[in-house]
Amino acid sequence: MAIISWSQDYSVGVVELDTHHKQLIKMINELHFAMSKDRGQQLVAEIVNGIGDYAKMHFQVEETYMHEGEYLGILKHIREHKGFVEKAQEMANRCDEGEFILSFEVIEFLSDWLKNHILKSDMKYVPALKSKGGR
């Protein structure tokens, strides 16, 4: 069972960004499945590293859209991205070092952060992108 499912409520109206958000949701669900089925430390570490890497790429693309849309809240938004990347890197490092730290609390953090970030923070830049014609 998925811990988080895509909903049109998450759509920011930019196909590329929505596709990224869907992929992040899929990766969080894969992590949840791997952990709930005790698939092993190596697979969990690979998924955690993948989430961090994918999120960094997504954030760069998203920030480009925000620059192009002249979104005034970009600096605060970038700080949120940076905080997530730092937390994801910390989890990945601990996992890579053999510490099986990932609990369902971490899954909850990832899914809650993503849902709240999209629904609250990302939705704030939507009007700026629309006013510039979006992409």
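In which helix is the place of Asp 122? Select α4, residues 104-131, and Asp 122 will be found there. The tour returns to this residue after a view of the whole chain. The model on display is a predicted one.

**The whole chain**

Begin with the protein chain in cartoon representation. The secondary structure consists of 4 helices and 0 strands, and the order along the sequence is α-α-α-α. The radius of gyration is 15 Å, close to the 14 Å that the globule rule gives for 135 residues, so the protein chain is as compact as a globular protein of that length. Turn the view along the principal axes: the C-alpha trace spans about 45 × 25 × 20 Å.

Next, display the surface. The protein chain exposes about 7500 Å², of which carbon and sulfur atoms supply 53%. Buried residues account for 43% of the 135 residues. If the charged side chains are coloured, 16 positive and 21 negative charges appear, and the mean positions of the two sets are 5 Å apart. For the contact pattern, consider pairs of residues at least 6 apart in sequence: 73% of such contacts join residues at least 24 apart.

**Helix α1**

Select residues 15-36, which form helix α1. This helix has 22 residues, and its first and last C-alpha atoms are 31 Å apart, close to the 32 Å expected at 1.5 Å a residue.

Two residues of α1 merit selection. His 20 lies in this helix and is buried, with a relative accessible area of 7%. Which residues is His 20 in contact with, leaving aside its neighbours within four places in sequence? They are Tyr 54, Met 57, His 58 and Val 61. Each of these can be added to the selection to show the surroundings of the histidine.

Then select Met 35, also found in α1. Met 35 is buried at a relative accessible area of 11%. Add Ile 107 to the view: the two residues are 72 apart in sequence, and their C-alpha atoms are 9.2 Å apart in space. Just after α1, Asp 38 has a positive phi of about 50°.

**Helix α2 and the loop after it**

Move to residues 41-68, helix α2. Its 28 residues reach 41 Å from the first C-alpha to the last, close to the 40 Å expected at 1.5 Å a residue.

Select Glu 46, which is found in α2. Is Glu 46 buried or partly exposed? Glu 46 is partly exposed, with a relative accessible area of 46%. Between the C-alpha atoms of Glu 46 and Met 91 the distance is 11 Å, and the two residues are 45 apart in sequence.

Continue to Glu 70, in the loop between α2 and α3. Glu 70 is not a glycine, yet its phi is positive, at about 55°. The residue is exposed, with a relative accessible area of 53%.

**Helix α3**

Select residues 74-96, helix α3. The 23 residues of α3 should span 33 Å at 1.5 Å a residue, and the end C-alpha atoms are 32 Å apart, which agrees.

Show the side chains of the buried residues of α3: Ile 74, His 77, His 81, Phe 84, Ala 88, Met 91, Ala 92 and Cys 95. An α-helix has 3.6 residues a turn, so residues three or four places apart point the same way. After α3 comes Gly 98, whose phi is positive, near 90°.

**Helix α4**

Return to residues 104-131 and select Asp 122 in α4. With a relative accessibility of 0%, Asp 122 counts as buried. What does Asp 122 touch, not counting residues up to four places away in sequence? The residues touched are Val 12, His 21, Glu 62, His 77 and His 117. One of these, His 77, is also among the buried residues of α3.

Now add Met 66 to the view. The C-alpha atoms of Asp 122 and Met 66 are separated by 9.8 Å, and the residues are 56 apart along the chain.

Keep Met 66 selected and add Leu 129, which is found in α4. Leu 129 is buried, with a relative accessible area of 6%. Leu 129 and Met 66 are 63 residues apart in sequence, while the distance between their C-alpha atoms is 7.0 Å. The tour ends at this pair.

Technical notes:
Residues numbered from 1 in each chain as written. Predicted model: local features only at pLDDT ≥ 70, side-chain atom pairs only at ≥ 80, totals over all residues. Heavy atoms only, no water. Helix = DSSP H or I, 4+ residues; strand = E, 2+ residues; numbered from the N terminus. Rg over C-alpha atoms; globule rule 2.2 N^0.38 Å. Buried < 20%, exposed > 50% of the residue type's maximum accessible area, 1.4 Å probe, protein only. Contact = heavy atoms within 4.5 Å. Areas by Shrake-Rupley, 256 points an atom, 1.4 Å probe, with all protein chains shown as cover. Lys, Arg positive; Asp, Glu negative; His and termini not counted. Charge placed at Lys NZ, Arg CZ, Asp CG, Glu CD. Expected span 1.5 Å × (residues − 1).
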